[in-house]
Amino acid sequence: MARIEALLAETPDDPELHYALAMEHSSAGDDAGCVTVLRDMIARFAAAPFIPAYLQAGQALARLDRTDEAATVLRDGIAAADRVGTADAMHARGEMLGLLATVE
């Protein structure tokens with residue numbers, strides 16, 4: 001985590017580094033930390049959304065039993081995926097739809 005944070009200090013506008021940091025929090029069992037990083041990332045890169053961030057945020061929120069927040073993030077992610085429209089975004093969209101069905 002420290003290495004990723006050091007890289008972020010040098011390159012704060014790299015969405016993949018933010019995502020990697022969030023995944024490190026998740027791997028460490030820190031879902032709240034993961035959500036914090038992902039929410040910041042979603043806001044920071046709203047103009048060019050990083051779609052997997054929405055899916056991972058929804059999953060972490062669901063694990064925290066914050067299902068209303070998970071549903072909101074997932075709906076936002078589905079809308080963002082529709083705007084992006086790439087194959088990867090559409091794949092993540094499908095996963096978000098599936099997760100949304102379980103948290104609503």
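Which residue follows H5, and what is the sign of its phi? In this predicted model, that residue is Gly85, and its phi is positive, near 75°.

Helix H5 itself is a good place to start. It runs over residues 67-84, and its 18 residues, at 1.5 Å a residue, should span 26 Å. The end C-alpha atoms of H5 turn out to be 25 Å apart, which agrees with that expectation. A fair number of side chains here are tucked away: Ala70, Ala71, Val73, Leu74, Gly77, Ile78, Ala80 and Ala81 of H5 are buried. As for what sits over them, the cover on the buried residues of H5 includes H3, H4 and helix H6, the last of these spanning residues 87-103.

Two of those covering helices, H4 and H6, also pack against each other. Two packed helices are described by the angle between their axes and the distance between the axes. For H4 and H6, the axes come within 9 Å and cross at roughly 20°. An angle under 35 degrees counts as roughly parallel, so H4 is roughly parallel to H6. The crossing of this pair is left-handed. On the H4 side, the residues involved are Ile51, Tyr54, Leu55, Gly58, Gln59 and Ala62. They meet Ala89, Ala92, Glu95, Met96, Leu99 and Val103 in H6.

Now for the N-terminal pair. Helix H1 covers residues 2-10, and its axis comes within 10 Å of that of H2, with a crossing of roughly 155°. Anything over 145 degrees counts as roughly antiparallel, which means that H1 is roughly antiparallel to H2. The crossing of H1 and H2 is left-handed. From H1, the contact is made by Ile4, Glu5, Leu7 and Leu8. From H2, Leu17, His18, Ala20, Leu21 and Glu24 do the job.

Helix H2 has one more link to offer, this time through an aromatic ring. The model holds one aromatic pair, and the partners are Tyr19 and Phe50. Their rings sit 5.1 Å apart, centre to centre, with 50° between the planes, and the pair is tilted. Where do the two partners lie along the chain? Tyr19 belongs to helix H2 (residues 15-27), while Phe50 is in the loop between helix H3 (31-44) and helix H4 (51-63). The pair therefore ties together parts that are 31 residues apart in sequence. Tyr19 has a relative accessible area of 18%; since buried means under 20%, Tyr19 is buried.

Terms used:
Residues numbered from 1 in each chain as written. Predicted model: local features only at pLDDT ≥ 70, side-chain atom pairs only at ≥ 80, totals over all residues. Heavy atoms only, no water. Phe/Tyr/Trp six-rings, centres within 6.5 Å; stacked < 30°, edge-to-face > 60°. Helix = DSSP H or I, 4+ residues; strand = E, 2+ residues; numbered from the N terminus. Buried < 20%, exposed > 50% of the residue type's maximum accessible area, 1.4 Å probe, protein only. Expected span 1.5 Å × (residues − 1). Contact = heavy atoms within 4.5 Å. Axes fitted to C-alpha atoms, helices over the stretch in contact; angles between N-to-C directions. Parallel < 35°, antiparallel > 145°, perpendicular 65-115°, else oblique. Left-handed = near helix turned anticlockwise from the far one by under 90°.
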